[in-house]
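Biologist: I'd like to learn how to read a model like this one, feature by feature. Can you walk me through it?

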Amino acid sequence: MAKEHNVDRQLFDEVMVPCYAPMQMIPVKGKGSRVWDQDDREYVDFAGGIAVSCLGHCHPVMVNALKEQADKLWHLSNVMTNEPALRLAKLLTEHSFAEKVFFANSGAEANEAALKLARRYAADKFGPEKSEIISFKQGFHGRTFFTVTVGGQAAYSDGFGPKPGDVTHLPYNDLEALASHISDRTCAVMMEPLQGEGGIVSPTPEFIQGVRELCDKHNALLVFDEVQTGNGRTGDFYAYQGLGVTPDILSTAKSLGGGFPIGAMLTTTELAQHMKVGTHGSTYGGNPLACAVAEAVVSEVTKPEVMAGVKQREQWFRDGLAVINAKYPIFAEVRGKGLLLGAALTEEWQGRARDVLLAAGEEGLMILVAGANVVRFTPSLVIDKADIDEGMARLERAIAKIYK
Ligand SMILES: *Cc1c(COP(=O)(O)O)cnc(C)c1O
């Protein structure tokens, strides 16, 4: 029998690689948008596990799908296909531009597949010279070495030796900069259609439209990283659908599994044919358990009432934040779309987003930050009005405490 251990926060420091600095409490149970820790303290969840728990915790639709599949079949590998993967792929093609789907286990892996496809396509069709990847400063695309290099924060990619080459970072929302740099050597432009980790920054309509046009002009592929924006988060199933600009490749993860690890790369038949047998793969990608859960999640999220509910909840969040800000003016603006919202701190409060997060934790509210100056909210897409009201009351108490 295993030796008895005190499973407490102290143990983290003893046995875990210290690349995270988790909060003191250890959650043990969740239901909807409420979470309980080891001491049975209850929290309202406005964080949603970083835009993952799109149906809240332990939604019956997800639990049933998982339990049903758990009694049938867990894993095969891609030596065989499986029913849940096929059904989920079909569903994703029905709800997007895509005709073909590649399954992975995370956002970074979905992006890795997207980048490799873009490079392979350009090499096959135009030759080896066409290899430049353009991406944007403050962008985030995951932590594999290729994706973190394409991401726009050198602090995340420095210090690991030579990086994958031919990656250019330009400022987001600066069409001039892109227009003067892009060339026929550009293989792809990768971007978030609303920057998440980088501070909740929406693209201007001119920018997003212009990026598409410049890509077309130079035969460069447009890759949308919808890992954070996807699966209903912005009020459209994918954010591109609300922007009037369609990418050639789209990556999705986070909310796709509602808490079960899964990612996917979506693309067209024309592009997909360049991923011939053997060019890419994954042992777990398209795993039946993950796909069964994701199928249930996508079926639920794409219901018209759920999608409409996101817009309603965005308004409740914006209203709640406005009420707090009227009493304790620490926010300069609330940015973002749907339930991917960022409250940017005023000049006076620069650098204190983490203070707000810690104070909220003490009041029993889970929130997130996006950089040092933005408080981020990515709750369940079906969070109850009562949970929003209670969370806002706790946020107000937290802000009141640090305000004085
Ligand atoms: C979270 C995120 C990723 C990375 O996803 P992982 O599942 O952590 O690998 C990539 N891109 C964006 C936009 C993200 O928000």
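**Reading the sheet**

Modeller: Start with one pair of residues: Arg34 stands opposite Val44 in β3. Keep in mind that this is a predicted model.

Biologist: How should I read a pairing like that, and which way do β2 and β3 run?

Modeller: The general idea is that strands of a sheet pair through backbone hydrogen bonds, either parallel or antiparallel. Here β2 and β3 run antiparallel, joined by three bridges. Arg34 also has Lys31 opposite, and that belongs to the pairing of β1 with β2 (residues 34-37), antiparallel again with four bridges.

Biologist: And what is the bridge partner of Val44 in β13?

Modeller: That's Leu365. The strands β3 and β13 run parallel, with two bridges between them. Put the pieces together and you get an open sheet of four strands, in the order β1-β2-β3-β13, with mixed pairing. The edges are β1 (27-31) and β13 (365-366); each has a single partner strand, so one side of each has no neighbour in the sheet.

Biologist: Which helix lies across β2, β3 and β13?

Modeller: Helix α14 (residues 385-403) does, and it runs at about 110° to β3 (42-45).

**Reading backbone angles**

Biologist: What should I look for in phi?

Modeller: Most residues other than glycine have a negative phi, so the positive ones are worth a look. One is Asp40, with a positive phi near 65°, in the hairpin of β2 and β3, where four residues sit between the strands. Another is Cys58, near 55°, in the loop between α2 (48-51) and α3. Ile200 has a positive phi too, about 60°; look for Ile200 in the loop between β7 (186-191) and α9 (205-217).

Biologist: Is Ile200 buried or exposed?

Modeller: Buried, with a relative accessible area of 0%. Cys58, at 43%, is partly exposed.

**Reading a helix face**

Biologist: How do I tell which way a helix faces?

Modeller: An α-helix has 3.6 residues a turn, so residues three or four places apart point the same way. Now try α3 (residues 60-70), where Met62, Ala65 and Gln69 are buried. Looking down the axis of α3, the buried residues fall within an arc of 65°, so they line one face of the helix. Lys67 and Glu68, on the other side of α3, are exposed.

Biologist: What covers the buried residues of α3?

Modeller: The cover includes α4 (83-94) and α11 (288-301).

**Reading annotated sites**

Biologist: Where does UniProt place the feature "binding site"?

Modeller: The unreviewed UniProt entry puts "binding site" at Arg143 and Ser282. Of these residues, Ser282 is included in the lining of the second largest pocket. Take Ser282's setting next: the loop between α10 (269-272) and α11, with contacts to Asn78, Phe103, Asn105 and Glu109 once neighbours within four places in sequence are left aside.

Biologist: And where is Arg143 placed?

Modeller: In the loop between β5 (132-136) and α6 (145-150). Arg143 is exposed, at 54% relative accessible area. Leaving aside neighbours within four places in sequence, Arg143 is in contact with Ala108, Val148 and Tyr156.

Biologist: Which residue does UniProt list for "modified residue: N6-(pyridoxal phosphate)lysine"?

Modeller: Lys254, again from an unreviewed entry. Lys254 sits in the loop between β9 (249-252) and β10 (263-267). Beyond four places in sequence, the contacts of Lys254 include Ile50, Ala51, Val52 and Glu197.

**Reading contacts along β12**

Biologist: Let's finish with Ala344. How buried is Ala344, and what does Ala344 touch?

Modeller: Ala344 is in strand β12 and counts as buried at 7% relative accessibility, the cut-off being under 20%. Not counting residues up to four places away in sequence, Ala344 touches Ile330, Phe331 and Ala332, among others. Now look at Thr346, in the loop between β12 (340-345) and α13 (353-362). Leaving aside neighbours within four places in sequence, Thr346 is in contact with Pro329, Ile330, Phe331 and Ala332. Thr346 is buried as well, with a relative accessible area of 19%.

Note on methods
Residues are numbered from 1 along each chain as its sequence is written. This is a predicted model: local features need pLDDT of at least 70, side-chain atom pairs count only at pLDDT 80 or more; totals for chains, interfaces and linings use all residues. Side-chain values use heavy atoms; hydrogens and water are left out. UniProt positions are given in the numbering used here, feature names are shortened, and annotations may be inferred rather than shown by experiment. Contact means heavy atoms within 4.5 Å. Buried means under 20% relative accessible area, exposed over 50%, partly exposed in between (1.4 Å probe, protein chains only). The arc is that of the directions from the helix axis to the C-beta atoms. Two strands pair if DSSP finds at least two bridges between them. Axes are lines fitted to C-alpha atoms, for helices over the stretch in contact, and angles run from 0 to 180 degrees between N-to-C directions. On a 1 Å grid over the protein atoms alone, a cavity is a set of points where a 1.4 Å probe fits but cannot get out, and a pocket is an open set with protein on both sides within 12 Å along at least five of seven lines; lining residues have an atom within 4 Å of a point.
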